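Hi,

Here's the structure I said I'd pass on. Have a look at it first, and then read on for what turned up.

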Amino acid sequence: MKFDGLAVDLTWFVMVSEHPLSGTLTVPWTATATNMEGTAQGTVSLPIAPEWSLLSLIALLDGADEHLDD
């Protein structure tokens, strides 16, 4: 994970849904910090990648360990 000001590159994650999705998913977020009172809130828009098979995802994530320190 690299810090660049207030931005942080996050690691890959997989979302499993009951129905196929496309486009962009907008989700709310909330953050707290020990050096301030209250919370920060907002939304983030995540582009939805094309559907992959479960076996393809496992193969991709199995090789992801090599890139965790990038």
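How many of the 70 residues of the protein count as buried? Just 1% of them do. Keep in mind that this is a predicted model.

The fold first. The protein has four strands and one helix, and from the N terminus the order is β-β-β-β-α.

Next, the pocket. The largest pocket holds about 920 Å³ of space. It is lined by 25 residues, and those closest to its centre are F13, V14, M15, I48 and A49. Two elements, β4 (40-47) and α1 (54-64), each give two or more residues to that lining. The top contributor is α1, with five residues. As for chemistry, the lining of the largest pocket breaks down into 21 nonpolar residues, two polar ones and two charged ones.

Then there's the surface. W12, V14, V16, W52, L60 and L61 make up a nonpolar patch there, and together they have about 640 Å² of accessible area. V14 is worth a look on your screen, since this patch member is also among the residues closest to the centre of the largest pocket.

One more patch residue to check is W52, which sits in the loop between β4 and α1. Is W52 buried or exposed? Neither, quite: its relative accessibility is 42%, so W52 counts as partly exposed, because that class runs between the 20% and 50% cut-offs.

Shout if anything looks odd at your end.

Cheers

Technical notes. Residues are numbered from 1 along each chain as its sequence is written. This is a predicted model: local features need pLDDT of at least 70, side-chain atom pairs count only at pLDDT 80 or more; totals for chains, interfaces and linings use all residues. Side-chain values use heavy atoms; hydrogens and water are left out. On a 1 Å grid over the protein atoms alone, a cavity is a set of points where a 1.4 Å probe fits but cannot get out, and a pocket is an open set with protein on both sides within 12 Å along at least five of seven lines; lining residues have an atom within 4 Å of a point. Grid points are joined across faces, edges and corners, and a volume is the space filled by probe spheres set on the points. Ala, Val, Leu, Ile, Met, Phe, Trp, Tyr, Cys and Pro count as nonpolar, Asp, Glu, Lys and Arg as charged, and the others, Gly among them, as polar. Patches are made of residues with over 30% relative accessible area and no salt bridge: like charges are joined within 9 Å, nonpolar side chains (Val, Leu, Ile, Met, Phe, Trp, Tyr) within 5 Å. Accessible areas come from the Shrake-Rupley method with a 1.4 Å probe; for residues, only the protein chains shown count as cover. A salt bridge is a side-chain nitrogen of Lys or Arg within 4 Å of a carboxyl oxygen of Asp or Glu. Buried means under 20% relative accessible area, exposed over 50%, partly exposed in between (1.4 Å probe, protein chains only).
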